[in-house]
Amino acid sequence: MFRTWLAVIFLNLALQATTPQTMRLDYYHTGNASSEVFSVDRVVIEPLPWPGNPDRPIDDSNLGKYRFLLLDKSSGQIVFSRGFCSIYGEWELTAEATMMNRTFSESLRFPRPEKPVTVVLQKRGVANSFVDIWRIEIDPNGIYVQTAKPKSPGALIELQNNGDPSHKVDLLIIGDGYTATEREKFVSDAKKMMNALFSKEPYKNHRKDFNVWGLCPPSYESGISRPSTGQYKRSPLDCTYDAFGSERYILTFDNKTFRDYASFAPYDCVQILINSNTYGGGGIFGLYGTTSVDNEFAPYIFVHEFGHHFAGLADEYYTSDVAYQSSPDRPEPWELNVTANPQKPKWEAKLTRGVPLPTPWKKTEFEAMSKDYQEKRKEIRDQNLPESVMEALFRANATRETPLLGKDKYSRKIGAFEGANYEATGYYRSQTDCIMFSRNSVPFCVACQDAIRNIILFHTTKQ
């Protein structure tokens with residue numbers, strides 16, 4: 001551990017001499033389903049230098065529901081940009097957002113500019129084009145820029161170090177609901193999840209492009225809140241099940257604490273490990289992912305949710321209950337693994353020759369099977385049965401789904417299979433099965449693998 005700390009210290013000293021500081025704008029996002037407003041909370045300098053790729057300041061991926069730009073105040077030139085999603089962006093699609101206002105804390109991170117800049121926040125509008133929704137000027141030398149370090153979450157843990165963060169994907173794994181005596185459990189859990197991620201392509205082939213760090217702020221008691229069962233706990237990150245009324249959805253709404261803790265590691269992406277065995281997780285592009293680590297299916301959850309957070313992948317399943325309200329429109333999604341146009345999907349160059357579009361599959365049989373499974377799943381949660389009962393249901397369901405999806409006429413072919421993005425009709429995926437579709441121990445589909453590779457290259461490519 002001492003050698004690890006020395007290595008991290010020397011790395012940080014070297015980075016501070018050559019790279020800009022990390023600046024963060026914390027702000028409040030308030031509104032409802034039809035209107036939103038923004039207000040500044042604070043501007044801070046994080047403890048560590050900017051870990052991002054200096055050769056790719058402009059985000060050309062066209063991913064995310066939102067995007068922010070840094071404009072040089074004197075010239076108006078774009079000097080930095082990033083796409084992202086947010087908790088507010090999901091919440092505004094729920095029924096609750098039609099009845100009330102809520103406020104969420106959000107953050108934008110960027111390399112500290114030398115001169116004043118204008119921050120422009122944009123959101124997708126008609127035809128998925130970005131439109132300006134907020135502008136604010138920031139003077140990096142202003143007297144109200146907070147430079148004091150926040151409270152430390154504890155020693156930084158080196159899980160995998162492949163070199164200079166500026167040309168690596170820096171993944172931070174941070175624990176929530178681990179007591180001080182469970183620190184070694186966290187290290188073991190983090191290594192297990194890390195290895196699960198790198199067992200899947202394209203991460204496996206790009207493992208040397210990743211650094212992986214760990215932080216484990218000590219919790220007063222084990223576990224996190226689960227309101228649907230009357231369980232409330234004040235864990236360090238204040239993660240909770242039942243986000244937006246979904247019993248399996250885990251989020252933290254305490255953005256400032258999360259950001260302050262995470263700032264003690266060089267990071268491009270974050271996965272939060274939940275010290276619990278109840279199935280659950282979540283993933284928001286550019287924000288973080290969550291995984292309940294003691295569940296039998298935790299490795300799958302980790303990889304699936306990291307796909308959302310890291311590469312902006314859409315869910316390809318459509319038979320599970322979700323909190324978001326359905327829309328009769330079927331606009332083309334910005335996510336790269338789903339489409340509303342089966343004749344010319346985003347993965348058109350990868351289509352298997354001769355496969356019809358849309359591509360037939362055993363959709364009716366699958367939906368009947370899934371209806372029975374979802375009813376049993378709901379009964380288990382309604383009766384608050386042991387988690388082992390839910391895990392047994394998942395295993396039994398996989399034994400039925402895997403042959404149905406894997407031995408169909410066009411299984412393993414690349415086409416346009418209807419049913420994706422939480423919708424049974426109007427949206428299509430590239431293959432019958434995928435990590436973003438099921439828990440059936442299958443690879444990522446072709447569309448997902450391409451999307452993930454693009455993000456890895458964005459973080460690592462040198463000029």
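## Exercises on a predicted model

At 17% relative accessibility, Asn421 counts as buried; buried means under 20% relative accessible area, exposed over 50%, and partly exposed in between (1.4 Å probe, protein chains only). The model is predicted, so local features need pLDDT of at least 70 and side-chain atom pairs count only at pLDDT 80 or more, while totals for chains, interfaces and linings use all residues. Residues are numbered from 1 along each chain as its sequence is written, and side-chain values use heavy atoms, with hydrogens and water left out.

**Exercise 1.** Find where Asn421 and Phe244 sit, and say what their phi angles look like.

*Solution.*
- Step 1: Asn421 is in the loop between strand 16 (417-420) and strand 17 (423-429). Helices (H or I, at least four residues) and strands (E, at least two) are DSSP runs, numbered from the N terminus.
- Step 2: The phi of Asn421 is near 55 degrees, which is positive even though the residue isn't glycine.
- Step 3: Phe244 belongs to the loop between strand 11 (239-240) and strand 12 (251-252), and its phi is also positive, near 55 degrees.
- Step 4: Phe244 is buried, with a relative accessible area of 16%.

**Exercise 2.** Pro153 and Ala155 lie in the loop between strand 7 and strand 8; is each of them buried, exposed or partly exposed?

*Solution.*
- Step 1: Pro153 has a relative accessible area of 3%, so Pro153 is buried.
- Step 2: Ala155 comes out at 23%, so Ala155 is partly exposed.
- Step 3: Now look around Pro153. Skipping residues up to four places away in sequence, Pro153 touches Leu215, Cys216, Pro217, Pro218, Tyr261 and Phe264. Contact here means heavy atoms within 4.5 Å.
- Step 4: Pro153 and Gly175 are 22 residues apart in sequence and 10 Å apart in space, C-alpha to C-alpha. Ala155 and Asn205 are 50 residues apart in sequence and 30 Å apart in space, again C-alpha to C-alpha.

**Exercise 3.** Work out the layout of the open sheet of 6 strands.

*Solution.*
- Step 1: Read off the order, which is 8-10-9-13-15-14, with mixed pairing. Two strands pair if DSSP finds at least two bridges between them.
- Step 2: Strand 8 (157-160) and strand 14 each have a single partner strand, so they stand at the edges with one side lacking a neighbour in the sheet.
- Step 3: On average, neighbouring strands of this sheet are turned by 20 degrees against each other, direction ignored. For such angles, axes are lines fitted to C-alpha atoms (for helices, over the stretch in contact), and angles run from 0 to 180 degrees between N-to-C directions.
- Step 4: Helix 3 (residues 183-197) packs on the sheet and touches strand 8, strand 9 (169-176), strand 10 (210-215) and strand 13 (269-274); its direction makes about 25 degrees with that of strand 8.

**Exercise 4.** Describe how strand 14 and strand 15 are joined, and which way the residues of strand 14 point.

*Solution.*
- Step 1: Strand 14 (residues 281-284) and strand 15 (residues 288-292) pair in the antiparallel sense over 4 bridges. In strand 15, Tyr288 is the bridge partner of Ile284.
- Step 2: The two strands form a hairpin with 3 residues between them, and Gly286 in the turn has a positive phi of about 80 degrees.
- Step 3: In a regular strand the side chains alternate between the two faces of the sheet. In strand 14, Gly281 and Gly283 point one way, Gly282 and Ile284 the other, and all are buried.

**Exercise 5.** How do helix 6 and helix 7 run against each other, and what kinds of residues make up the contact?

*Solution.*
- Step 1: The axes of helix 6 (residues 363-382) and helix 7 (residues 387-406) come within 10 Å and cross at roughly 175 degrees.
- Step 2: That makes helix 6 roughly antiparallel to helix 7. The cut-offs are under 35 degrees for roughly parallel, over 145 for roughly antiparallel, 65 to 115 for roughly perpendicular, and oblique for the rest.
- Step 3: The contact residues include Phe366 and Tyr373 of helix 6 and Leu393 and Phe394 of helix 7.
- Step 4: They divide into 10 nonpolar, 1 polar and 8 charged. Ala, Val, Leu, Ile, Met, Phe, Trp, Tyr, Cys and Pro count as nonpolar, Asp, Glu, Lys and Arg as charged, and the others, Gly among them, as polar.
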